[in-house]
Amino acid sequence: MPPELFDNELIQYKLTETEHDLVRSLNMNEDETFVEPTPVVFVEGFLGPGKPAYWGPLEKIFSSSDDRNNKNQKLKNRRCIYITPGCVSSLHDRAIEIFYQIKGGRVDYGEEHSKKYGHSRYGREYPGLYPEWSASKPLHFLGHSLGGVTIWKLQQLLASDIFPNYLNPHPDMILSLTAVSSPLKGSQSVYLLGATTDSTGKVRPFSFGAWLGRLVHIYEYLDIKWLKSITYDFNVDHWNLSFRKNWDFSSLLPWNIKKATNTLIEEKNELMQETANSLCLTYGLLQCLYKSPWFNCVDNAPYDMTIHAMKELNVTSKTFEKTFYRTYVASITCEDHVTNYHQPKFSFSLPIPIYFLSKYTGSFKFPENTPDPPISYEEMYKWYENDGICPKYSQVHPHHDCSPDKCKHQKGLPEGAALCKIEAGIWDVWENDNTSHFGLISVCYESHKQKLFFKGYKEYLDQIDKLYNR
């Protein structure tokens, strides 16, 4: 027998990943080619931390396992793209940020939009995570909670004229839209946490939502860079909440006027206007703590999760015939046949705040003095079954009626792509009982149900790619 190798000799025999790829390529048939699956983009919801760990070990889940598209085509591993839109920003701002994070360039929220709501027109600049993104090279999108609604909003904006024509925006840039526990029609839980029951976007001053907003303002005002890098980065630079923007008057000092003037001359006209806007649209901390111009308007995530806001969005929204739509609907409640309200089923794994929020969501009614309520009292019973945060009725799809040409409903989680016939332009709805708002995502718990969900999702994407690449 040959002698065993020592540690220093073992190191010499360890091949790098690149060398492994080279060896595999030498063993390939001459006619065999690699096929790169369509990448998938992950969009977090409200207060999502913006960290890949939120989604779990997806690179392992989406490995190709040496799958073959046909006899001579070998699939590469599917690329996972993680993006970080503002976790408390409005659907409009989040969708715009997603576009530029993927495509590359400086975020442009739109001149009309920024003037209307009082923030700067331009945001951060990104190198682009997938600059070749286009209608001919579309992407898959998976969103949890508000993330799913954000993707829906993004597709509507891609069909509008808000993006520059030279970037070739088109709704077919989204090959598939998958929403998990997403309030596609809004949620009454937002009213319980502080939003007023009218369409003004105001927040009750001593509610949970109001105190949460004040904490965000203090955090953004202090603007501690190292803390943002390891915890939360709310990505709200365009609201000019940082002390750095409130107290930076150095450019106005006499000896800096000439330097500042030369700098402005070199900038483009849009950036010159933006610099002027930043000086006049800063908000002081005390002003924000008393009555925030950001949280007390309709340009933020809490308002966009209301039933008022989603009703307004869905009136003009539409599905597109080349996009595959799928929703995963969760529920943890059961009906009380005496009151017709819904109560959460008791579980030791259910967090206490989610339990009580589910209970009050299952019995919510708009006050009688609510001006023009978005839901009639006769229809309110449809909104009681919920997953702890979102009503089941809202998670299904954006439409208020069901028909074979709009949607198809199934129970549980899909098992085996061959058993599930899919069709573009129709909402493929999968209903899951005894599953909370966080039962499928985040996957930091790696439960059996979460693993089954992502296994089925991988098969679903493979199935779409095969149809798309015919």
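## Contacts and overall make-up

In this predicted model, 70% of the contacts in the protein chain between residues at least 6 apart in sequence join residues at least 24 apart. The secondary structure of the protein chain consists of 18 helices and 14 strands.

Of the 470 residues in the protein chain, 49% count as buried. The exposed area of the protein chain is about 24500 Å², and 57% of that area comes from carbon and sulfur atoms.

## Salt bridges

The count of salt bridges comes to 17. Among them are the pairs Asp108 with Arg121, Lys115 with Glu111, and Glu385 with Lys392.

## The Asp108–Arg121 pair

Asp108 and Arg121 form a salt bridge in which the closest N and O atoms are 2.9 Å apart. This pair links distant parts of the chain, with the two positions 13 residues apart in numbering. Asp108 belongs to strand E6, which covers residues 105-108. Arg121 is in the loop between helix H5 (111-117) and strand E7 (122-126).

The two partners fall into separate accessibility classes. Asp108 has a relative accessible area of 14% and is therefore buried, the cut-off being under 20%. Arg121 has 21% relative accessibility, so Arg121 counts as partly exposed.

## The Lys115–Glu111 pair

A second salt bridge, between the side chains of Lys115 and Glu111, has an N to O distance of 3.1 Å. Both residues lie in helix H5. They are four residues apart, about one turn of the helix.

Lys115 is exposed because its relative accessible area is 63%, and the class begins over 50%. Glu111, at 42% relative accessibility, counts as partly exposed.

## The Glu385–Lys392 pair and a shared network

The side chains of Glu385 and Lys392 also meet in a salt bridge, at 3.7 Å from N to O. Lys392 counts as buried because its relative accessibility is 12%, and the buried class covers values under 20%.

Elsewhere, salt bridges that share partners join four residues into one network: Arg78, Lys458, Asp462 and Asp465.

Conventions. Residues are numbered from 1 along each chain as its sequence is written. This is a predicted model: local features need pLDDT of at least 70, side-chain atom pairs count only at pLDDT 80 or more; totals for chains, interfaces and linings use all residues. Side-chain values use heavy atoms; hydrogens and water are left out. Buried means under 20% relative accessible area, exposed over 50%, partly exposed in between (1.4 Å probe, protein chains only). Contact means heavy atoms within 4.5 Å. Accessible areas come from the Shrake-Rupley method with a 1.4 Å probe; for residues, only the protein chains shown count as cover.
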